[in-house]
Amino acid sequence: LGYIIPIVDYILKSGSGKGIKAIIVYPMNALANSQEGELKKFLSFSNSLNGNSITFSRYTGQEREETRKKILDNPPDILLTNYVMLELILTRPFEKTLINASNGIKFIVLDELHTYRGRQGADVSMLVRRAKKAFKASNVQCIGTSATLAGSESREEQLKEISSVASLIFGEEVHPENVIGESLKRSTPKLSFTDSSIIKLLKKRIEDSSLKPPKTYQEFISDPLSSW
């Protein structure tokens, strides 16, 4: 959602069917398959509900020849692929239509950024540079995502290290303030379950069969069982 929502927003504002606006690159086909399923779940429903026509296609080694031909004949707004296939797209003459359709592309996304290290990381970083040149991507937004990129204990140092890695891979300066992280905020009250009164309250909640499950969010977070 972190990158799909901005991509969809851009396509809705600029108009669908004007070439490939985003290429999302995965290290494994399983991730591309999973993402395609999510897009089908949300975008297909939205398209039918609001009359939108945002198109997306998976283009990997799994697709049949006729499926690839349909994509070549009518490139989508969003292309899901892997770095091996992106390499092939840049080198195989019969896929030139995808390069032409990607001229002026707005988004290049690398999912699971932490997988690109060592020689593979160098290969992918050079691939990104070649892709930007081939796509004439003068105003492209490069996005990298990872759930496990971390180094130093301090948040400030982590941001510096992550921005350094992203800058190397994308060939563009990524500032630490442009690294978006997350933090957890507790929703339920913090109860002390060593406190005898709290234990008594929890015990009553479990044993009293007349107490019905909470129906509202406020009731749910106030339930001692939720805190436990």
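A residue is termed exposed when its relative accessible area is over 50%, buried when that area is under 20%, and partly exposed in between. The model analysed here is a predicted one. By this criterion K136, with a relative accessibility of 57%, counts as exposed. K136 is located in the loop that joins α6 to β5, and its phi is positive, at about 50°, although K136 is not a glycine. Most residues other than glycine have a negative phi. A second non-glycine residue with a positive phi is E112, for which the angle is about 55°. E112 belongs to the loop between β4 and α6. In contrast to the exposed K136, E112 has a relative accessibility of 23% and therefore counts as partly exposed.

Helix α6, which K136 follows, comprises the 17 residues 118-134. At 1.5 Å a residue the helix should span 24 Å, and the C-alpha atoms at its ends are indeed 24 Å apart, so the expected and modelled spans agree. The buried residues of α6 are G121, V124, S125, L127, V128, A131 and K132. Because these residues cover an arc of only 160° around the axis, they are placed on the same side of α6. The face turned away from this buried side carries R119 and K133, both of which are exposed. Several elements contribute to the cover over the buried residues of α6, including the helices α4 (83-91) and α7 (155-170) as well as the strands β4 (107-110) and β5 (141-144).

Helix α4 shows a comparable division of its surface in its own right. Its buried residues are M85, L86, I89 and L90. Viewed down the axis of α4, these fall within an arc of 145°, so they line one face of the helix. The cover over them includes β1 (22-26), α3 (65-73), β3 (78-82), α5 (96-101) and α6. α4 and α6 thus each appear among the elements covering the buried residues of the other.Helix α1 (residues 4-14) has I4, I7, V8 and I11 as its buried residues. These cover an arc of only 95° around the axis, which puts them on the same side of α1. On the face turned away from the buried side, the exposed residues are I5 and K13. The helix is followed by G15, whose phi is positive, near 105°.

Electrostatic pairing was examined next. Side chains of opposite charge can pair when their charged atoms come close. A search of the whole structure finds ten salt bridges. One of the pairs is formed by the side chains of R58 and E36, with an N to O distance of 3.2 Å. Since R58 lies in strand β2 (residues 56-58) and E36 in helix α2 (residues 29-50), the pair ties together parts that are 22 residues apart in sequence. Both R58 and E36 are buried. The two residues also belong, with E63, to a network of salt bridges.

A further salt bridge joins E95 to R92, the closest N and O atoms being 2.9 Å apart. E95 has a relative accessibility of 0% and so counts as buried, whereas R92, at 22%, counts as partly exposed. In helix α7, the side chains of K160 and E157 meet in a salt bridge with an N to O distance of 3.9 Å. These two residues are three positions apart within α7, about one turn of the helix. Each is partly exposed: the relative accessibility is 43% for K160 and 34% for E157.

Nonpolar side chains on the surface were also considered. I206, L225 and W228 form a nonpolar patch there, with about 350 Å² of accessible area together. Of these residues, W228 is situated in the segment after α10 (224-227). W228 has a relative accessible area of 64% and is therefore exposed.

Key:
Residues numbered from 1 in each chain as written. Predicted model: local features only at pLDDT ≥ 70, side-chain atom pairs only at ≥ 80, totals over all residues. Heavy atoms only, no water. Patch = residues over 30% accessible without salt bridge, like charges linked within 9 Å, V, L, I, M, F, W, Y side chains within 5 Å. Areas by Shrake-Rupley, 256 points an atom, 1.4 Å probe, with all protein chains shown as cover. Salt bridge = Lys/Arg side-chain N within 4 Å of Asp/Glu carboxyl O. Helix = DSSP H or I, 4+ residues; strand = E, 2+ residues; numbered from the N terminus. Buried < 20%, exposed > 50% of the residue type's maximum accessible area, 1.4 Å probe, protein only. Expected span 1.5 Å × (residues − 1). Arc of directions from axis to C-beta. Contact = heavy atoms within 4.5 Å.
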